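Q: Please take a close look at the surroundings of one ligand in this model. I would like to know which residues are there and how the rings and charges among them are arranged.

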Amino acid sequence: MLTLPVFAWSRPKTVDEAMRVLAASPGECLIVAGGTDAVPNLKHRLHEPKRLVHLGGIEELRGIRVTDAGLEVGALVTLTELAAHPYVREHYAGVADAAEHVASPQIRNMGTVGGNLCLDTRCTYYNQTFFWREALGFCLKKDGTRCHVVPQGKRCVAAHSSDVAPVWIALGAQVEIATPGADGASGAVTRRLLPVEAFFVGDGVHNNVLVPGELVTRVLVPASSLGVRTAYRKLRPRAAIDFPMLSVAVAARGDASRIEALRVVVSALGAKPRTLGGLDAIAVGKPHDAALAEAVGAVAFKQCHPLSNVPYDTDWRHDMVPVFVKRAAPGALGVDA
Ligand SMILES: Cc1cc2nc3c(=O)[nH]c(=O)nc-3n(C[C@H](O)[C@H](O)[C@H](O)COP(=O)(O)OP(=O)(O)OC[C@H]3O[C@@H](n4cnc5c(N)ncnc54)[C@H](O)[C@@H]3O)c2cc1C
Ligand code: SF4
């Protein structure tokens, strides 16, 4: 049986209080929301914090609101709430669909939007018990000095595995981050906004821009994205529970007779999602037909390079990239696949 390590525990009631707790022990805290990923990782000794800071008591982080500025989704909104929300389902079907693709109903009832965005990267050589990892000599991401996926590499390439993040990126959503004041525990907390795309970095050891002491408070989808259709497709061994071994989010304006804008984000391959480049020249102003689908699929195949970071055949995952791009695109253009 895997047991939890010993840690101290805080349950702040406001963002400011959480920031004070985090600032009091810089780099020694682990934020926990639903705990669906953090708790197994603690049992595997992948995280070894002195203190857990549980966000569950912070009412401000709950709720989905629609304002003139757009859609605001609190970091503590559960994936079940996100997937079931009528406005999200009507206007951002790809978001609801991606949330529904996460794990299982029980996990979606606990798992939150903030935790999903900040989900740790995954790798065959990392998501293992301490004993397993020790036998292999550990790895760059935790306790070791080399990568078993890219042995000459200097960076961890563990897979970004959040289902919803690629859709947030395709939509142009922003993330709000609470940042401590200049003098830490006593300083005034500020909030900064940045595109979800810029939230992720290409190093799987810590694949986002959060520094110790910061936390995610909300995701914002600008009102200007209304009219953009989204679709999500996920490749996984079983139709429930499993993390993606490839995921594709598509956002589009227009319809099958004339594409006005097309954005494709492919993930679960490396440490951060990849937004395909060069699609405007191929797709904008064109109808969605077999030739266009082939062309977009070919771009995806060329720009995406799966690695042996998850336990499924790399060449097969590569071959599946254009297949899943072609399956996702019609949904974002309002036509049946
Ligand atoms: C069996 C199983 C299958 C799963 N399958 C999938 C899947 O298919 N797709 C998928 O996307 N996920 C999957 N997950 C992962 C997870 O359940 C979800 O991503 C969930 O949304 C995580 O949210 P949480 O609130 O439980 O996060 P937690 O476990 O509480 O936290 C996850 C990480 O985010 C950090 N964090 C949490 N909230 C914040 C915040 N507000 N600000 C800053 N940091 C924060 C934590 O410190 C931690 O590092 C699976 C988990 C399990 C156990
Ligand atoms: S990609 Fe390399 S460094 Fe990263 S978790 Fe896997 S083996 Fe470790």
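A: The charged end of Lys141 lies over the ring of Tyr126, at 4.5 Å from the ring centre. In this predicted model, Lys141 and Tyr126 are both among the residues around ligand 2. The list also includes Cys123, Cys139, Cys147 and Cys156, together with His148. Leu140, Val149, Val157 and Ala158 are there as well, and so is Tyr125. Sorted by class, this shell holds 10 nonpolar residues, 1 polar residue and 1 charged residue. Lysine counts as charged, and Lys141 is in the list around ligand 2. As for location, ligand 2 sits in the largest cavity.

Tyr125, another residue of this shell, takes part in a ring contact of its own. The model has 4 aromatic pairs. One of them joins Tyr125 to Trp132, with 6.4 Å from centre to centre and 50° between the planes, a tilted arrangement. Tyr125 has a relative accessible area of 24%, so it is classed as partly exposed. Trp132 is also partly exposed, because its relative accessible area is 33%.

For comparison, Phe199 and Phe200 form an aromatic pair with ring centres 5.2 Å apart; their planes meet at 80°, so this pair is edge-to-face. The cut-off for that label is over 60 degrees. Phe199 and Phe200 are both buried.

A further charge sits over a ring at Arg327, whose charged end is placed over Phe324, 5.0 Å from the centre of that ring.

Note on methods:
Residues are numbered from 1 along each chain as its sequence is written. Chains are lettered from A and ligands numbered from 1 in the order in which they are written. This is a predicted model: local features need pLDDT of at least 70, side-chain atom pairs count only at pLDDT 80 or more; totals for chains, interfaces and linings use all residues. Side-chain values use heavy atoms; hydrogens and water are left out. A residue is near a molecule or strand if one of its heavy atoms lies within 4 Å of it. On a 1 Å grid over the protein atoms alone, a cavity is a set of points where a 1.4 Å probe fits but cannot get out, and a pocket is an open set with protein on both sides within 12 Å along at least five of seven lines; lining residues have an atom within 4 Å of a point. A molecule sits in a cavity or pocket if more than half of its atoms lie within 2 Å of its grid points. Rings of Phe, Tyr and Trp (its six-membered ring) pair if their centres lie within 6.5 Å; planes under 30 degrees apart count as stacked, over 60 as edge-to-face and the rest as tilted. Buried means under 20% relative accessible area, exposed over 50%, partly exposed in between (1.4 Å probe, protein chains only). A charge sits over a ring if NZ of Lys or CZ of Arg is within 6 Å of the ring centre and within 35 degrees of the ring normal.
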